[in-house]
Amino acid sequence: MDPDKAAPRASGAPDALAGLLAKGERAAFHGPPGTAVPPLEEAVALATSGGRLAEATAATWLLGVAQASRGRFGTALTLLGGVMGPLREALSGADTAPELRLFGALAAATVASVHRQLGRHTVAWEFDALGLTAADALPGLDEAVFDCRLGLASDAVGLGEIEIAGTELGVAAGVAEIHPDWWRQRVRLDWVRAEIALLEENPLAAQEAASEAIDAAELAHAPRHVAKGLLFLGVAQAHLGSPDTVTTLRRAATLAEQLGTTPLIWQARALVGALLAEDDPATSARSLQAARSAVLAIAGDLPDDVREEWLNRPDIEALLSI
(Lines give C-alpha, C1' and ligand atoms only; values in the text may rest on other atoms or scores of the structure.)
Protein backbone atom coordinates (compact mmCIF):
# COMPACT_ATOMS: atom_id res chain seq x y z
CA MET A 1 0.00 0.00 0.00
CA ASP A 2 2.99 2.26 0.29
CA PRO A 3 6.74 2.30 -0.27
CA ASP A 4 7.06 1.01 3.32
CA LYS A 5 6.06 -2.36 1.83
CA ALA A 6 2.44 -2.15 2.90
CA ALA A 7 1.61 -3.24 -0.65
CA PRO A 8 4.16 -5.77 -1.86
CA ARG A 9 4.43 -5.57 -5.61
CA ALA A 10 4.37 -8.59 -7.85
CA SER A 11 7.61 -9.08 -9.73
CA GLY A 12 7.84 -8.92 -13.50
CA ALA A 13 5.02 -6.43 -14.05
CA PRO A 14 5.28 -4.57 -17.37
CA ASP A 15 6.75 -1.09 -17.08
CA ALA A 16 3.43 0.63 -17.78
CA LEU A 17 1.59 -1.41 -15.19
CA ALA A 18 4.34 -1.01 -12.60
CA GLY A 19 4.33 2.74 -13.21
CA LEU A 20 0.57 2.99 -12.75
CA LEU A 21 0.71 0.97 -9.53
CA ALA A 22 3.54 3.11 -8.16
CA LYS A 23 1.76 6.34 -9.10
CA GLY A 24 -1.52 5.23 -7.56
CA GLU A 25 0.18 3.89 -4.45
CA ARG A 26 2.07 7.10 -3.84
CA ALA A 27 -1.01 9.26 -4.38
CA ALA A 28 -3.00 7.14 -1.94
CA PHE A 29 -0.51 7.74 0.87
CA HIS A 30 1.39 10.90 -0.01
CA GLY A 31 -1.23 13.08 -1.65
CA PRO A 32 -4.96 13.52 -2.12
CA PRO A 33 -6.32 9.95 -2.35
CA GLY A 34 -8.71 11.00 -5.08
CA THR A 35 -5.74 11.47 -7.40
CA ALA A 36 -4.92 7.79 -6.92
CA VAL A 37 -8.18 6.65 -8.47
CA PRO A 38 -7.51 7.21 -12.22
CA PRO A 39 -4.11 5.46 -12.36
CA LEU A 40 -5.33 2.59 -10.21
CA GLU A 41 -8.45 2.11 -12.30
CA GLU A 42 -6.22 2.03 -15.36
CA ALA A 43 -3.92 -0.44 -13.63
CA VAL A 44 -6.83 -2.74 -12.81
CA ALA A 45 -7.99 -2.70 -16.44
CA LEU A 46 -4.49 -3.23 -17.82
CA ALA A 47 -3.64 -6.05 -15.41
CA THR A 48 -6.99 -7.75 -15.96
CA SER A 49 -6.73 -7.60 -19.75
CA GLY A 50 -3.22 -9.03 -19.53
CA GLY A 51 -4.28 -11.88 -17.27
CA ARG A 52 -2.03 -10.63 -14.45
CA LEU A 53 -4.15 -11.64 -11.49
CA ALA A 54 -1.72 -10.67 -8.73
CA GLU A 55 -1.27 -7.14 -10.09
CA ALA A 56 -5.00 -6.74 -10.72
CA THR A 57 -5.67 -7.79 -7.13
CA ALA A 58 -3.03 -5.41 -5.74
CA ALA A 59 -4.39 -2.51 -7.80
CA THR A 60 -7.97 -3.25 -6.78
CA TRP A 61 -7.02 -3.35 -3.13
CA LEU A 62 -5.15 -0.04 -3.41
CA LEU A 63 -8.15 1.43 -5.24
CA GLY A 64 -10.38 0.31 -2.38
CA VAL A 65 -8.02 1.96 0.10
CA ALA A 66 -8.08 5.22 -1.85
CA GLN A 67 -11.88 5.21 -2.13
CA ALA A 68 -12.26 4.47 1.58
CA SER A 69 -9.90 7.35 2.40
CA ARG A 70 -12.16 9.65 0.38
CA GLY A 71 -15.22 8.47 2.29
CA ARG A 72 -16.55 6.50 -0.67
CA PHE A 73 -17.23 3.65 1.68
CA GLY A 74 -19.83 1.79 -0.37
CA THR A 75 -17.59 1.85 -3.44
CA ALA A 76 -14.66 0.64 -1.34
CA LEU A 77 -16.64 -2.23 0.15
CA THR A 78 -17.67 -3.41 -3.31
CA LEU A 79 -14.10 -3.32 -4.61
CA LEU A 80 -12.63 -5.00 -1.55
CA GLY A 81 -15.31 -7.67 -1.52
CA GLY A 82 -13.95 -8.92 -4.82
CA VAL A 83 -10.40 -9.04 -3.47
CA MET A 84 -11.59 -11.13 -0.53
CA GLY A 85 -12.93 -13.86 -2.83
CA PRO A 86 -9.65 -15.82 -2.97
CA LEU A 87 -9.30 -15.37 0.79
CA ARG A 88 -12.60 -17.09 1.46
CA GLU A 89 -11.64 -19.84 -1.01
CA ALA A 90 -8.37 -20.36 0.84
CA LEU A 91 -10.14 -20.65 4.18
CA SER A 92 -12.50 -23.23 2.71
CA GLY A 93 -9.51 -25.39 1.79
CA ALA A 94 -8.82 -24.28 -1.79
CA ASP A 95 -5.23 -23.99 -2.98
CA THR A 96 -4.71 -20.22 -3.17
CA ALA A 97 -1.55 -18.37 -4.20
CA PRO A 98 0.17 -16.67 -1.24
CA GLU A 99 -0.03 -13.21 -2.82
CA LEU A 100 -3.79 -13.56 -3.32
CA ARG A 101 -4.15 -14.67 0.29
CA LEU A 102 -2.06 -11.66 1.33
CA PHE A 103 -4.14 -9.13 -0.56
CA GLY A 104 -7.33 -10.84 0.57
CA ALA A 105 -6.26 -10.48 4.20
CA LEU A 106 -5.24 -6.85 3.64
CA ALA A 107 -8.62 -6.24 2.01
CA ALA A 108 -10.39 -7.77 5.02
CA ALA A 109 -8.47 -5.39 7.30
CA THR A 110 -9.44 -2.45 5.09
CA VAL A 111 -13.10 -3.52 5.09
CA ALA A 112 -12.87 -3.67 8.88
CA SER A 113 -11.50 -0.12 8.90
CA VAL A 114 -14.48 1.07 6.86
CA HIS A 115 -16.95 -0.52 9.26
CA ARG A 116 -15.04 0.86 12.23
CA GLN A 117 -15.29 4.38 10.83
CA LEU A 118 -19.02 3.84 10.47
CA GLY A 119 -19.22 2.85 14.14
CA ARG A 120 -19.85 -0.83 13.36
CA HIS A 121 -17.17 -2.21 15.66
CA THR A 122 -18.55 -5.74 15.99
CA VAL A 123 -18.68 -6.13 12.21
CA ALA A 124 -15.17 -4.70 11.97
CA TRP A 125 -13.92 -7.27 14.49
CA GLU A 126 -15.31 -10.09 12.35
CA PHE A 127 -13.43 -8.91 9.25
CA ASP A 128 -10.18 -8.32 11.12
CA ALA A 129 -10.47 -11.82 12.59
CA LEU A 130 -11.18 -13.24 9.12
CA GLY A 131 -8.09 -11.59 7.68
CA LEU A 132 -5.93 -12.69 10.59
CA THR A 133 -7.02 -16.30 10.22
CA ALA A 134 -5.77 -16.30 6.64
CA ALA A 135 -2.63 -14.26 7.23
CA ASP A 136 -1.51 -16.32 10.22
CA ALA A 137 -1.74 -19.52 8.19
CA LEU A 138 1.28 -18.74 6.01
CA PRO A 139 4.72 -17.25 6.75
CA GLY A 140 5.76 -13.95 5.21
CA LEU A 141 2.43 -12.13 5.48
CA ASP A 142 3.53 -9.72 8.21
CA GLU A 143 1.83 -6.67 6.66
CA ALA A 144 -1.55 -8.36 6.81
CA VAL A 145 -0.94 -9.82 10.27
CA PHE A 146 -0.04 -6.35 11.51
CA ASP A 147 -3.06 -4.65 9.92
CA CYS A 148 -5.47 -7.22 11.32
CA ARG A 149 -3.93 -7.26 14.80
CA LEU A 150 -3.92 -3.48 15.04
CA GLY A 151 -7.44 -3.43 13.65
CA LEU A 152 -8.54 -5.81 16.40
CA ALA A 153 -6.99 -3.46 18.96
CA SER A 154 -8.95 -0.52 17.56
CA ASP A 155 -12.11 -2.63 17.35
CA ALA A 156 -11.67 -3.49 21.02
CA VAL A 157 -11.38 0.21 21.86
CA GLY A 158 -14.70 0.81 20.14
CA LEU A 159 -16.23 -2.04 22.12
CA GLY A 160 -14.77 -0.76 25.40
CA GLU A 161 -12.51 -3.80 25.87
CA ILE A 162 -9.34 -2.16 27.21
CA GLU A 163 -7.45 -5.34 28.10
CA ILE A 164 -8.02 -6.90 24.68
CA ALA A 165 -7.04 -3.65 23.01
CA GLY A 166 -3.77 -3.56 24.92
CA THR A 167 -2.98 -7.18 24.14
CA GLU A 168 -3.60 -6.81 20.41
CA LEU A 169 -1.65 -3.56 20.33
CA GLY A 170 1.30 -5.32 21.90
CA VAL A 171 1.23 -8.12 19.34
CA ALA A 172 1.02 -5.62 16.46
CA ALA A 173 3.91 -3.61 17.91
CA GLY A 174 5.98 -6.79 18.09
CA VAL A 175 5.40 -7.42 14.38
CA ALA A 176 6.42 -3.86 13.54
CA GLU A 177 9.63 -4.10 15.57
CA ILE A 178 11.20 -6.47 13.06
CA HIS A 179 10.51 -4.09 10.16
CA PRO A 180 12.44 -0.86 10.82
CA ASP A 181 11.31 0.67 7.49
CA TRP A 182 7.63 0.57 8.38
CA TRP A 183 6.73 4.24 8.88
CA ARG A 184 3.01 3.81 8.23
CA GLN A 185 2.59 1.03 10.75
CA ARG A 186 4.39 3.03 13.43
CA VAL A 187 2.14 6.03 12.83
CA ARG A 188 -0.92 3.81 13.16
CA LEU A 189 0.43 2.22 16.34
CA ASP A 190 0.55 5.69 17.89
CA TRP A 191 -3.02 6.39 16.78
CA VAL A 192 -4.22 3.32 18.62
CA ARG A 193 -2.05 4.15 21.63
CA ALA A 194 -3.84 7.50 21.70
CA GLU A 195 -7.23 5.79 21.44
CA ILE A 196 -6.44 3.45 24.31
CA ALA A 197 -5.09 6.29 26.44
CA LEU A 198 -8.28 8.27 25.91
CA LEU A 199 -10.36 5.24 26.84
CA GLU A 200 -8.26 4.94 30.01
CA GLU A 201 -8.86 8.65 30.70
CA ASN A 202 -5.18 9.48 30.28
CA PRO A 203 -5.21 12.44 27.87
CA LEU A 204 -1.55 13.28 28.55
CA ALA A 205 -0.49 9.89 27.20
CA ALA A 206 -2.89 10.36 24.28
CA GLN A 207 -1.37 13.75 23.52
CA GLU A 208 2.13 12.28 23.54
CA ALA A 209 1.17 9.39 21.24
CA ALA A 210 -0.65 11.70 18.82
CA SER A 211 2.29 14.09 18.69
CA GLU A 212 4.66 11.24 17.88
CA ALA A 213 2.31 10.07 15.13
CA ILE A 214 2.25 13.55 13.61
CA ASP A 215 6.04 13.85 13.69
CA ALA A 216 6.48 10.47 11.98
CA ALA A 217 3.84 11.23 9.35
CA GLU A 218 5.38 14.60 8.57
CA LEU A 219 8.80 12.96 8.21
CA ALA A 220 7.24 10.48 5.75
CA HIS A 221 5.49 13.29 3.83
CA ALA A 222 2.14 11.60 4.41
CA PRO A 223 -0.41 14.44 4.78
CA ARG A 224 -3.46 12.25 5.33
CA HIS A 225 -1.72 10.60 8.25
CA VAL A 226 -0.74 14.03 9.55
CA ALA A 227 -4.38 15.14 9.43
CA LYS A 228 -5.57 12.12 11.40
CA GLY A 229 -2.80 12.59 13.93
CA LEU A 230 -3.90 16.20 14.37
CA LEU A 231 -7.44 14.99 14.98
CA PHE A 232 -6.25 12.69 17.77
CA LEU A 233 -4.10 15.47 19.18
CA GLY A 234 -7.02 17.88 19.19
CA VAL A 235 -9.23 15.42 21.04
CA ALA A 236 -6.50 14.85 23.63
CA GLN A 237 -6.04 18.59 24.01
CA ALA A 238 -9.78 19.04 24.46
CA HIS A 239 -9.71 16.59 27.36
CA LEU A 240 -6.82 18.54 28.86
CA GLY A 241 -8.56 21.89 28.41
CA SER A 242 -5.70 23.17 26.25
CA PRO A 243 -6.08 26.60 24.62
CA ASP A 244 -4.56 25.07 21.48
CA THR A 245 -7.46 22.68 20.92
CA VAL A 246 -9.42 24.64 18.34
CA THR A 247 -6.28 25.62 16.43
CA THR A 248 -5.19 21.99 16.22
CA LEU A 249 -8.60 20.78 15.08
CA ARG A 250 -8.81 23.56 12.50
CA ARG A 251 -5.46 22.43 11.13
CA ALA A 252 -6.80 18.89 10.92
CA ALA A 253 -9.97 20.06 9.17
CA THR A 254 -8.17 22.33 6.70
CA LEU A 255 -5.67 19.65 5.74
CA ALA A 256 -8.44 17.05 5.40
CA GLU A 257 -10.39 19.40 3.15
CA GLN A 258 -7.32 20.01 0.98
CA LEU A 259 -6.92 16.24 0.62
CA GLY A 260 -10.61 15.46 0.13
CA THR A 261 -10.61 12.98 3.03
CA THR A 262 -14.27 13.25 4.01
CA PRO A 263 -14.18 10.93 7.07
CA LEU A 264 -11.67 13.26 8.73
CA ILE A 265 -13.49 16.42 7.61
CA TRP A 266 -16.74 15.62 9.38
CA GLN A 267 -15.09 14.71 12.67
CA ALA A 268 -12.76 17.70 12.80
CA ARG A 269 -15.41 20.20 11.67
CA ALA A 270 -18.01 18.82 14.09
CA LEU A 271 -15.60 19.21 17.00
CA VAL A 272 -14.63 22.75 15.99
CA GLY A 273 -18.30 23.65 15.67
CA ALA A 274 -19.13 22.26 19.10
CA LEU A 275 -16.19 23.99 20.78
CA LEU A 276 -16.97 27.41 19.25
CA ALA A 277 -20.73 27.28 19.80
CA GLU A 278 -20.70 29.89 22.58
CA ASP A 279 -17.66 32.03 21.76
CA ASP A 280 -18.05 32.30 17.98
CA PRO A 281 -21.54 31.22 16.87
CA ALA A 282 -21.06 32.23 13.23
CA THR A 283 -17.86 30.21 12.79
CA SER A 284 -19.43 27.37 14.73
CA ALA A 285 -22.42 27.31 12.38
CA ARG A 286 -20.18 27.21 9.29
CA SER A 287 -18.09 24.43 10.74
CA LEU A 288 -21.12 22.36 11.69
CA GLN A 289 -22.57 22.81 8.21
CA ALA A 290 -19.32 21.54 6.70
CA ALA A 291 -19.51 18.53 9.02
CA ARG A 292 -23.11 17.82 8.01
CA SER A 293 -22.22 18.06 4.32
CA ALA A 294 -19.41 15.54 4.83
CA VAL A 295 -21.70 13.17 6.74
CA LEU A 296 -24.29 13.29 3.97
CA ALA A 297 -21.61 12.77 1.32
CA ILE A 298 -20.57 9.58 3.11
CA ALA A 299 -24.20 8.50 3.37
CA GLY A 300 -24.74 8.99 -0.35
CA ASP A 301 -22.30 6.20 -1.23
CA LEU A 302 -23.49 3.64 1.33
CA PRO A 303 -25.78 0.63 0.73
CA ASP A 304 -29.33 1.34 1.89
CA ASP A 305 -29.20 -0.67 5.12
CA VAL A 306 -25.82 0.67 6.17
CA ARG A 307 -26.87 4.22 5.23
CA GLU A 308 -29.88 4.01 7.52
CA GLU A 309 -27.72 2.72 10.37
CA TRP A 310 -25.16 5.48 9.76
CA LEU A 311 -27.72 8.28 9.76
CA ASN A 312 -29.40 6.89 12.88
CA ARG A 313 -26.17 6.77 14.86
CA PRO A 314 -26.73 8.99 17.92
CA ASP A 315 -23.84 11.37 17.25
CA ILE A 316 -24.66 11.65 13.54
CA GLU A 317 -28.37 12.13 14.26
CA ALA A 318 -27.50 14.86 16.77
CA LEU A 319 -25.23 16.61 14.28
CA LEU A 320 -27.84 16.57 11.55
CA SER A 321 -30.51 17.91 13.87
CA ILE A 322 -28.58 21.03 14.90
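Here are some numbered notes on this structure for someone opening it for the first time.

1. A word on what you're looking at: this is a predicted model. Everything below is computed from that model, so read it as a guide to the prediction.

2. Let's begin with the space inside. The largest pocket holds about 1,400 Å³. Its lining takes in 46 residues, and the ones closest to the centre are Gln117, Glu195, Lys228, Phe232 and Gln267. If you want to find the pocket on screen, those five are a good place to click.

3. Which helices build that lining? At least two lining residues come from each of α3 (53–70), α6 (98–117), α8 (142–158), α10 (183–199), α12 (223–240) and α14 (262–275). As for chemistry, the lining divides into 24 nonpolar, 13 polar and 9 charged residues.

4. Next, the charged pairs. Side chains of opposite charge can pair when their charged atoms come close. In this model the count comes to 13 salt bridges. A few of them deserve a look of their own.

5. Take Arg72 and Asp301, whose closest N and O atoms are 3.6 Å apart. This pair links distant parts of the chain, with the two positions 229 residues apart in sequence numbering. Arg72 sits in the loop between α3 and α4 (73–83), while Asp301 sits in the loop between α15 (281–299) and α16 (304–311). Are the two partners buried or exposed? Arg72 has 36% relative accessibility, so it counts as partly exposed. Asp301, at 13%, falls under the 20% cut-off and is therefore buried.

6. Arg184 and Asp147 make another salt bridge, with the closest N and O atoms 3.2 Å apart. Here the link runs from helix α10, which holds Arg184, to helix α8, which holds Asp147, and the two are 37 residues apart. Both Arg184 and Asp147 are buried.

7. Helix α8 also carries Arg149, which pairs with Glu168 in helix α9 (residues 162–177), so parts that are 19 residues apart in sequence are tied together. The closest N and O atoms of Arg149 and Glu168 are 3.0 Å apart. Arg149 and Glu168 are both buried. There is a network to look up as well: Arg116, Asp128 and Asp155 are joined by salt bridges that share partners.

8. On to the nonpolar side. In soluble globular proteins, nonpolar side chains tend to be buried together. The largest nonpolar core here has 111 residues, and those touching the most other members are Trp61, Met84, Leu118, Phe146, Leu189, Trp266 and Trp310. Helix α6 gives the largest share of this core, with 10 residues.

9. Which residues does Met84 touch? Leaving out residues up to four places away in sequence, Met84 is in contact with Gly104, Ala107, Ala108, Val111, Phe127 and Leu130.

10. Two single residues to finish. Thr57 is in helix α3 and has 8% relative accessibility, so it counts as buried. Beyond residues up to four places away in sequence, Thr57 touches Val83, Leu100 and Phe103. Gly34, by contrast, is in the loop between α1 (15–30) and α2 (37–49). Its relative accessible area is 30%, so Gly34 is partly exposed. For a sense of scale, the C-alpha atoms of Gly34 and Ala197 are separated by 32 Å, and the two residues are 163 residues apart along the chain.

Notes:
Residues are numbered from 1 along each chain as its sequence is written. This is a predicted model: local features need pLDDT of at least 70, side-chain atom pairs count only at pLDDT 80 or more; totals for chains, interfaces and linings use all residues. Side-chain values use heavy atoms; hydrogens and water are left out. On a 1 Å grid over the protein atoms alone, a cavity is a set of points where a 1.4 Å probe fits but cannot get out, and a pocket is an open set with protein on both sides within 12 Å along at least five of seven lines; lining residues have an atom within 4 Å of a point. Grid points are joined across faces, edges and corners, and a volume is the space filled by probe spheres set on the points. Helices (H or I, at least four residues) and strands (E, at least two) are DSSP runs, numbered from the N terminus. Ala, Val, Leu, Ile, Met, Phe, Trp, Tyr, Cys and Pro count as nonpolar, Asp, Glu, Lys and Arg as charged, and the others, Gly among them, as polar. A salt bridge is a side-chain nitrogen of Lys or Arg within 4 Å of a carboxyl oxygen of Asp or Glu. Buried means under 20% relative accessible area, exposed over 50%, partly exposed in between (1.4 Å probe, protein chains only). A nonpolar core is a set of buried Ala, Val, Leu, Ile, Met, Phe, Trp, Tyr and Cys residues joined through side-chain atoms within 4.5 Å. Contact means heavy atoms within 4.5 Å.
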